[in-house]
Each structure stands twice: as structure tokens, then as C-alpha cells.
Amino acid sequence: MQAAQAAAATVARDPRRWVILGVICLAQFVVLLDNTVLNVAIPSINEELDATIADTQWMINAYALLQSGLLLTAGSLSDRYGRKRALTVGLVLFGLGSLAAAYSQSAPQLIAARAGMGIGGALLMTTTLAVIMQIFDDEERPRAIGVWAAVSSIGFAAGPVIGGAFLAHFWWGSIFLINVPIAVISAVTVVLLVPESKSPAGKRPDLVGAVLSTIGMVGIVYAIISIPEHGWTSTRVLVPGLVGAVALTAFVRWETRIPFPMLDMGLFRNQRFTGAITGGLLVAFGMAGSLFLLTQHLQFVLGYSPLDAGLRTAPLALTIVALNLWGAGAKLLPRVGTSGTIALGMTLLAVGLCAVALLGNPSYGYGGMLVGLLVMGGGIALAMPAMANAIMSAIPPEKAGAGAGVQSTVTEFGGGLGVAVLGAALNARFVTLLPAVVGIGAVGSLQEALAQTLSPQAREQVLDAFADSVRLSQLIGAAAVLVGGLLAALLLRRAERAEATPAGTPSSTAESPTSA
């Protein structure tokens, strides 16, 4: 019986599936590239468009806010109206937004264009993973998700490098213009190759849920983004955070009362789903928070220039890419299970963070940090695809878009939370140490502290205090990742044992994609 099912699955495999994977990974690449590429162009944009500090913040945040706020809605819409259609619309919006951004003549125009790109990005981030779930079977899916995760890592890390290369030869708008041909090629290929698939039920859109989830996510994400600049107790943080929390609470209550919800709240009673969500949140927390600390560690503790610091974080991304393309996680998954793979990955990530904290100091030089970066990369390469696969496999196929929306939301939320929490720990420790070692008043940043020092000895004490603060923050991040990872693995292990009992769990009704 099992052999017959395996043979049927093999016959049903789309012969174009790996080409389709390449196309959707290319779309995913440009979306994640745009999360970081703008940072290197900010000085040029400010000069050309005469932008204020507030304008600069909104150029960066408009994209992140719209993308994060619409992920759940975008995933639900793709389930209801077709993932191929949503992917095509996302590519068109992203391409048009990039074109408008490249030729913006003022700061408000660029902010509006970035907002449009964020809408397109939300559709792309949810539908790429949902399409993978439709065209790959259980056997090939972990490897496909590994490739998807590898491309995601390249996009995240390559932004500053690609942006810097273009700015060295062209004007600032070129960093957006490179998206346009990629969007056009991807859209045409999607129309020609990707099979359409959508949920057979729930055609009516959940407008109330869409509004509540968008308000809630925008409020929470805006609060998290504002924490490093304004502090946890600022009204700029508390008010949007409270509005977001109230809206998300109302969203949960609403979704439990309607017949065709955007997000089935019953999923959170599934131990596999909740375990993967917990782990995914902590992977994003550790990755984004550690990268935030790493750049400061390399520049202010080890003394590298911004460009050199960026290049020295490359081994982290390259390790993730190499292991995912090799299929390390996919090969390990059948042997130790999802829970074992996640536990090993999260443990390696925590060990890597500890190595960076303890070995990344002037006495060891960059070599000590390199060891930690390689171990961190190995951990992320194992844990990230296993998390995504666990989340998506716990969701019925007809709700793949909503599942991808949840997965992307967890990644965005965890990353923002990692930067906020570890950044707050860094600042709190630094401010505490300064009066004791230097005898100056508490200040808000390393630059302010150095400006108040009058001797080389005092400057060295300030740098030592900052290095100690970075080290403690990294160790806090390592502890959070380890504890959260083991908790996620425990939940997943319990779910695996429950599924292994011969009670005959009802299988979800699989939808059959229709040819484009």
C-alpha cells in the first residue's frame, strides 16, 4: 500500500517543479533584498531629496510596516482567490513600486513607493512558500524548503553588498531599478509555468478580520521598531503597542465566531503547529538580534570599518546557504525527526552565540568570532527549514497561504523583537557600567559617551564597558534561543508521539491544483 502511494506521488510530480522553485525563489530574493539594500543609500538619498530624519525613518519603515501588517491578509487572500494570481499581482505591484521609487523626486514620493512595494512584498512572501507546499510532495518538500531558506538568507545578507556596488557606479535609484526586470521575468514565468491552486471553500473575504489583523500587526511592529530610539516606556511605543494588542485580541475573538475565518484559531491547539511557531519565533529572534549586535561588535569592539564589518558577517550567510543547498536539514530530518533537527539546530545557534560573545574579543581577534559565526550558520541552516516545514505541514493544504502568512509574520515579529530586546539589554548594561568606570553621567549611546571622555584611559574604559555590554546581550540571546528551542522541540516531540499512535488521525482533504 505504501509503495503504491509512493509510486502515485512520483507520477503526480510536476516535471517543471524545480524550475518553478527557481522562479519563486528569485521573487523571494528581491523582496528580502529590499529589507536591507536601502540602508547603504540613505546618505545619497538624503542629499538628493533633501530628506529630514523623520523622512529617512519612514523611507525604511513604510516598507516594513505595510509588509508585516498585511502578511496574514495576503495569505488568506491567496487561499481564497488563487496563489498563482496573488503571486502575479504581488510581482506587478512590487515591480511598479520599485520603478516609482527609482525615479522619485521627493521624499514623500519615495515613501509612498516603498509602501506600495511593501504591499507587493506581503503577497510574495506568503505565496512563495504556499506554492512550494502545492507542487512538492512530502518526500521532496524539506529539500525544496531548504533551497527556499538558502535564497532567503542570500537576499537578507546581500543587500548592503549589492547596494554598495550599484552606488559606486550609478545613482541611488539604481538600487530599486534592479528589481524591475526581475519582477517582469518572474511574472511572465509564473503565468506560464505555475499551476493555480486555491481553497475550495470560503470564497467570501473576511473584511473585518483583514482590517483588525492589519491594524494589530502594524501597531505591534511600529512599537517594536520605535523601541531602540524612544525606549520601552515612551508614548511612541506604548500607544501603538496598546492599539495593536487590542486589535489583535479583537481579531482572535472575531476569527473564532465566523464560519470562514482568515486564520483558524484551532490550529494553535495543534502541538506541532505551536511548537514550530515557538521555535520559528526564537530562530528569528536569535538571528536578527545577533546580527544587530554583531555589526556593533565588529566596529566598536574589534575596530573594523563598516564595509569590513559587513564583509566579516558573510561567513554566517554563506554557511546557511551552503548547508541548505547541500540539503543538510533534509538529509537529517528522516533520521532524527523534526523535533531532533530543531533541537540540534537551536543548540548550535546558542553555542555559536556564546562563542561569538566569549571568543570575539581583541585577544582572539576575528578568528574567535569566525568560529561562532560558522556554528551559528550551521544551527540556522538546520533549524529554519525544519521550522517552516513543521508549520506548513501542520496546516491543511487548502490553507497553505494562511500558513505561509503565519510563518512570515512569526519571522518578522521575532526579528523585530530580537533587535528590540537585545538592544535594550545592551543599552541598560552600558548605562549601568558607565558611571562606575568613567565617572560621567548616564548617556544614551557609545558615541555620546566617547564624546564626554577627556583621556585615552577613559576612552578605553568606555570601550571596555561597551564590549562587556555586547557580550552580556549576546549571552542573553543565546540563553533565550536555547531554552525556546528546547521547548519547541519538546512540543514537537510530543506531537510526533501523538501522531505515531495507531488511532488513525483523519487526513485533511487535499486540493488538486488545476493547470494554468
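**Note on a predicted all-chain model: helix packing and selected residues**

1. Helix 5 (residues 71-81) packs against helix 7 (residues 107-135) at an angle of about 60°, and their axes are 8 Å apart. Axes here are lines fitted to C-alpha atoms, for helices over the stretch in contact, with angles running from 0 to 180 degrees between N-to-C directions. The two helices, 5 and 7, are therefore oblique to each other; angles under 35 degrees count as roughly parallel, over 145 as roughly antiparallel, 65 to 115 as roughly perpendicular and the rest as oblique. The crossing of helix 5 and helix 7 is right-handed. A crossing is called right-handed if the near helix is turned clockwise from the far one by less than a right angle, and left-handed if anticlockwise.

2. On the helix 5 side, Leu71, Ala74, Gly75 and Ser78 meet Ala122, Leu123, Met125, Thr126 and Thr127 of helix 7. Contact means heavy atoms within 4.5 Å. The residues of this contact between helix 5 and helix 7 comprise 5 nonpolar, 4 polar and no charged. In this scheme Ala, Val, Leu, Ile, Met, Phe, Trp, Tyr, Cys and Pro are nonpolar, Asp, Glu, Lys and Arg are charged, and the others, Gly among them, are polar.

3. The model is predicted: local features need pLDDT of at least 70 and side-chain atom pairs count only at pLDDT 80 or more, while totals for chains, interfaces and linings use all residues. Residues are numbered from 1 along each chain as its sequence is written, and side-chain values use heavy atoms, with hydrogens and water left out.

4. Mean pLDDT (the predictor's confidence in each residue, from 0 to 100) is 78 for the chain, and 87% of its residues reach 70 or more. Confidence is lowest in helix 1 (residues 2-12), with a mean of 44, and highest in helix 6 (residues 83-102), at 91. Two stretches should be listed separately. Over residues 1-11 pLDDT stays under 50, and the model has 1 contact beyond four places in sequence for them. Over residues 504-516 pLDDT also stays under 50, but here the model has 23 contacts beyond four places in sequence.

5. The chain has 20 helices and 0 strands. Helices (H or I, at least four residues) and strands (E, at least two) are DSSP runs, numbered from the N terminus. Of the 516 residues, 55% count as buried; buried means under 20% relative accessible area, exposed over 50%, and partly exposed in between (1.4 Å probe, protein chains only). Among contacts between residues at least 6 apart in sequence, 83% join residues at least 24 apart.

6. Helix 6 and helix 10 (residues 179-193) have axes that come within 9 Å and cross at roughly 160°. That makes helix 6 roughly antiparallel to helix 10. Their crossing is left-handed. Residues of helix 6 in the contact include Lys84, Leu87, Phe94 and Leu99, and those of helix 10 include Asn179, Ala183, Ser186 and Val191. The contact of helix 6 with helix 10 divides into 9 nonpolar, 5 polar and 1 charged.

7. The axes of helix 15 (residues 314-326) and helix 17 (residues 366-393) come within 8 Å and cross at roughly 35°. This crossing of helix 15 and helix 17 is right-handed. Helix 15 contributes Pro315, Leu316, Thr319, Ile320, Leu323 and Asn324, and helix 17 contributes residues including Tyr366, Leu370, Gly377, Gly378 and Pro385. The split for the contact of helix 15 with helix 17 is 12 nonpolar, 4 polar and no charged.

8. Two residues of helix 13 (residues 271-301) can be taken together. Gly280 lies in helix 13, and Ala284 does too. Gly280 counts as buried because its relative accessibility is 12%; Ala284, at 9%, counts as buried. Beyond four places in sequence, Gly280 touches Met387 and Val410, while Ala284 is in contact with Gly289, Val410, Thr411, Gly414 and Gly415. C-alpha to C-alpha, Gly280 is 9.2 Å from Ala386, 106 residues away in sequence, and Ala284 is 7.9 Å from Val410, 126 residues away.

9. Leu475 belongs to helix 20 (residues 456-500). At 31% relative accessibility, Leu475 counts as partly exposed. Apart from neighbours within four places in sequence, Leu475 is in contact with Cys354, Ala357 and Leu358. The C-alpha atoms of Leu475 and Val356 are separated by 9.1 Å, with their positions 119 residues apart along the chain.
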